[in-house]
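I opened this one to see how the two chains are built and how they meet. My notes follow in the order I looked things up.

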Amino acid sequence: MTAANTGADDGAAAGDDPRPATYLDLARAVLYREFLIFVRYPANAIGGIVISLVFFGLLFFGGRLLAGQALADSLSGIVVGYFLWTLAVGAYSSVSNDIASEVQWGTLERHVTTPFGFAPVALLKGVAKVIRTFLTSAVVLAVMLLATGTTLQIAPVTVVVVAGLAIASVLGLGFAAGGVTVLYKRVGNWLNLLQFGFVVLVSAPVLDQPWLRALPLAHGSAMLQRAMVDGVRLWEFPVADLALLVAVAAGYLAGGYVVFHYGTRRARRLGVLGDY
Amino acid sequence: MTPTPNGRTPDPSGTPALAVQGLSKRFGSGDDAVTAVDDVSFAIERGSVVGLLGPNGAGKTTLIKSILGTVIPDEGTVRVLGRDATDGRRAAYANVDAMLEGARNDYWRLTVRENLRYFATIGGIAPDSVADRHDRLLDRLDLADRADTPVRELSRGMKQKVSLASVLAGGAELVFLDEPTLGLDVEGSRTLRREIRRLAEEEDLTVVVSSHDMRVIEDVCDRVIVMSEGSIVADDAVERLLGTVDEYRVRVASDDLTPATVDDLRGRFDVADADSGADPPSLEVVTDGDAVYDLFDALRAAGVTLDRVETVEPTLEDVFVRLTGDRGATEPTPSAAGREPGGATNRPAAAVGDEGGAQ
C-alpha cells in the first residue's frame with residue numbers, strides 16, 4: 001500500500017499507475033472472491049447445510065428409536081461431535097475439490113506461477129474455505145440445538161480457536177489429497193471417501209489411548225467437547241493440551257502442503273499439471 | 001517480501017524479453033521415451049510479436065509450458081526479461097502470463113471486471129492502481145458493456161476475449177497466446193489481432209502467438225518460429241520466410257479445360273491442383289519463368305481459350321508445409337478453415353463446432 005500515491009506526483013491517473021500488490025491485496029482478492037461466490041451462488045452452501053441436517057435428523061431420530069435414554073444422556077456430546085465433523089468435511093472437501101476444479105479450469109497454473117509463490121495463495125484459499133465452513137456449520141449447530149433442545153456453552157473465542165486449530169489438520173489432509181489429485185486425477189474421487197473416516201477421528205477414545213491425540217481432529221475434538229459441554233474456556237486448558245493442539249495443526253498443515261508441493265512439482269516434471 | 005514491480009520500464013541494455021538456451025524435455029523413459037523439445041534456443045526482442053508454428057505434437061505447448069515453469073525442463077535455461085526463470089522464479093514470473101488453449105484461464109462465476117482485478121493481483125499488481133487500464137482494455141476488446149456480467153453468461157467468443165483480458169490485466173510484459181482466435185467470429189478475430197498489434201507497438205508488450213490459423217500469424221507476427229519434432233526448423237521474419245519458397249504457380253480457368261486436356265497437361269507439367277467441377281474448370285500449375293511460355297503454348301495447341309489467368313503467390317501455409325513435410329501438410333488446413341469463418345480457405349462457419357472448448 002506504500003506506493004499508492006507515487007503516480008499523483010507526476011500527474012498520472014490513480015488507476016493508471018501500476019504498483020506492486022501487497023500480501024494484503026492478495027488476501028483481500030482471495031477472500032473477496034470466496035465471498036462473492038458464497039453470496040452469489042448460495043445454493044451450494046444451502047445444499048450442504050440441508051444435507052448435514054438430514055444426516056443429523058436420521059442420526060438423532062433413528063438413534064432415539066434404537067437407544068432411547070442412552071442417546072439422550074450423550075446428546076450434547078453427539079451435537080458437538082457432529083458440529084466438528086461438518087466443519088472437518090467442509091474444510092477438507094472444499095480444499096481438495098477446489099484444487100481439482102482449478103486444475104480443470106486452467107487457473108491452477110496461473111496460481112502456481114504467481115510472483116507471490118503458491119504457498120501464501122494456497123494458505124489464504126484454505127483460510128477462506130475455513131471461514132465459509134464456519135458460517136455454514138454455525139447454522140447447522142443452531143438448528144441442531146433448537147431441534148434437540150440441548151444447551152451448550154458457546155464461548156465464541158474458545159470455540160473458534162479450538163475448532164479452527166482442530167480442522168487446520170484436516171485442511172492439511174485436503175492439501176495432500178489435492179496434491180495427489182493433481183498427479184493422479186482419478187484417485188481424487190476416492191480420496192473424498194476419507195471424510196467418512198473423520199467420524200472415527202472425531203470420536204476417537206483419546207482418554208484410553210493417548211497416542212490417538214497425534215491423529216488429526218482427535219485431540220481437538222476432545223478439547224472441543226470439554227469447551228462446549230463442560231464450559232472450559234481457552235485459557236483454562238493446560239498449556240500442554242494447547243501446545244499439542246497447535247503442534248498437530250501445524251504438523252498436518254505443513255505435511256499436507258509438502259505433499260501438495262511435491263505433487264505439483266512431479267506433475268510439472270511429468271508435464272501433466274493442468275491436464276485433465 | 002513485495003513482488004517485483006512490473007510497471008513498464010525502458011530497457012537501455014537491450015535485454016531480450018525472452019532468451020531460451022539449449023532447452024530439452026523428454027517424457028517417459030527407456031524405449032518409450034519421447035523427446036518433446038530437443039535442444040531449442042532462441043531469443044525474442046521486447047515489443048515484438050512472434051508466431052510459434054508447428055504440427056500437433058511438434059513440441060510447441062511443452063516449450064511454452066517449460067518457459068512458464070508449469071513443465072520442468074530436463075536441460076537448458078530460460079531467461080525472462082533478463083532474469084533466470086529457474087533460479088528466481090517468482091521475480092521472473094511477475095512479468096509473464098499465458099492464455100493456454102482449451103483452458104478457461106479465469107473464473108466463470110465472477111464478472112469480467114472481477115476477473116481482471118483478481119488476476120491482476122495474482123499477477124503481482126494492485127488492482128486499484130490499474131483500474132483505468134482495465135477500463136481501456138475492456139473498451140478495446142468490446143467488452144465494456146459486459147464488464148459487470150458473470151463470465152458464464154457470455155458467448156464463447158466473448159469468453160475467449162475475457163480470457164485474453166485477464167491475461168493482460170496484470171500488466172505482464174511477455175504473454176503467450178495459444179490459439180487466441182479460437183471460437184471468435186470474423187469481427188472478434190479482427191478486433192483481437194488489432195489489439196495484439198497495438199499492445200506490441202504502443203505498449204511494448206512482447207507476444208508469442210501459437211496458432212494453426214496462418215492468417216492470424218501472417219497478420220500479427222513480425223517473426224515466425226517453426227517447430228517440427230521438437231526442434232526449430234525455421235526462425236525468420238515473415239517476409240523472408242515467404243521469400244524462401246521460390247515456387248510460383250499459375251492458375252488458369254477455362255470452359256475448354258476438359259478432363260482429357262487436364263490429363264494430357266499432367267503428363268507434361270507439374271500440376272498442383274485441378275478443379276473440373278469449378279465454373280469454369282481451373283488448373284493450377286507450378287512453374288518457373290520459362291515453363292510459363294511452354295504452358296501457354298500447350299494450352300493454345302489444345303484449343304483452350306482462357307477465361308482467366310492468375311499468378312499464385314506462396315503463402316505462409318506453403319512455407320509451413322514445406323518445412324514440416326507431411327506432418328504439417330495434413331494438419332493446419334482443416335483447423336485453419338474451421339477456426340475462422342471466412343478464413344484463407346473460405347470454409348463454412350459450420351465447421352467450427354465445439355471442440356476445444358472443454359468447458
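Leaving aside its neighbours within four places in sequence, which residues is B:Val209 in contact with? I should jot down that this is a predicted model. I found B:Val209 in contact with B:Val49, B:Gly51, B:Leu52, B:Leu177 and B:Pro180. The list goes on with B:Val216, B:Ile217, B:Val220 and B:Cys221.

**Entry: the core**

I picked B:Val209 since it is among the residues with the most contacts inside the largest nonpolar core. Also in that group are B:Ala165 and B:Val175 from chain B, and A:Leu84, A:Ala88 and A:Ile167 from chain A. I noted 144 residues for this core. I then looked up where its largest share comes from, and that is helix 5 of chain A, residues 75-105, with 15 residues. Next I asked where the core sits relative to the domains of chain B. Domain 1 (18-243) and domain 2 (248-320) each contribute residues, so the core lies between them. I also found another core lying apart from it, with six residues, including B:Val252, B:Leu257, B:Val285 and B:Leu299.

**Entry: domains of chain B**

I have chain B divided into domain 1, residues 18-243, and domain 2, residues 248-320. Their C-alpha centres are 41 Å apart. How many residues does each domain give to the contact? I got eight from domain 1 of chain B and six from domain 2 of chain B. On the domain 1 side, helix 7 (214-220) and helix 8 (238-243) of chain B are the elements giving two or more residues. I sorted that side by class and got seven nonpolar residues, one charged and no polar.

**Entry: chain B against chain A**

For the contact between the chains, I noted 44 residues from chain B and 35 residues from chain A. Which elements of chain B give two or more residues to the side that touches chain A? They are helix 1 (60-68), helix 2 (89-93), helix 3 (112-122) and helix 4 (131-140) of chain B. Helix 3 of chain B gives the largest share of that side, six residues. By class, I wrote down 21 nonpolar, 13 polar and 10 charged residues for the chain B side.

**Entry: chain A**

I went through chain A from the N terminus and met helices throughout: 12 helices and zero strands. Its C-alpha atoms fill a box of roughly 75 × 45 × 40 Å along the principal axes. Of its 276 residues, 41% count as buried. For contacts between residues at least 6 apart in sequence, I have 79% joining residues at least 24 apart.

I then checked the UniProt record, an unreviewed entry, for chain A. Under "transmembrane region" it lists residues 41-62, 74-92, 135-155, 161-183, 190-207 and 242-260. I looked at two of these stretches in the model. Residues 161-183 of chain A are 100% helix, with the end C-alpha atoms 33 Å apart. Residues 242-260 of chain A are 100% helix too, and there the end C-alpha atoms are 27 Å apart.

**Entry: chain B overall, and a sheet**

Chain B has 12 helices and 14 strands. Buried residues make up 45% of its 359 residues. For its contacts with a separation of 6 or more, 71% come from residues 24 or more positions apart.

I traced one sheet strand by strand. What is the strand order in the open sheet of four strands in chain B? I read 2-1-4-5, with antiparallel pairing. The edges are strand 2 (34-44) and strand 5 of chain B, and each pairs on one side only.

- Strand 1 and strand 2 of chain B pair over seven bridges, and B:Arg26 has B:Thr35 in strand 2 as its bridge partner.
- Strand 1 (residues 18-27) and strand 4 (residues 75-80) of chain B are joined by five bridges, and I found B:Ser24 partnered with B:Glu75 in strand 4.
- Strand 4 and strand 5 (residues 83-84) of chain B are joined by two bridges, and B:Arg79 has B:Asp84 in strand 5 as its bridge partner.

My last look was at the turn linking strand 4 and strand 5 of chain B, which form a hairpin with two residues between them. In that turn, B:Leu81 has a positive phi of about 50°.

How values were computed: Residues are numbered from 1 along each chain as its sequence is written. Chains are lettered from A and ligands numbered from 1 in the order in which they are written. This is a predicted model: local features need pLDDT of at least 70, side-chain atom pairs count only at pLDDT 80 or more; totals for chains, interfaces and linings use all residues. A nonpolar core is a set of buried Ala, Val, Leu, Ile, Met, Phe, Trp, Tyr and Cys residues joined through C-beta atoms within 7 Å. A residue is buried if 20 or more other C-beta atoms lie within 10 Å of its own, exposed if 12 or fewer, and partly exposed in between; C-beta atoms are placed from the backbone. Domain bounds come from an automatic or database domain assignment. Two residues are in contact if their C-beta atoms, placed from the backbone, lie within 7 Å. Ala, Val, Leu, Ile, Met, Phe, Trp, Tyr, Cys and Pro count as nonpolar, Asp, Glu, Lys and Arg as charged, and the others, Gly among them, as polar. UniProt positions are given in the numbering used here, feature names are shortened, and annotations may be inferred rather than shown by experiment. Two strands pair if DSSP finds at least two bridges between them.
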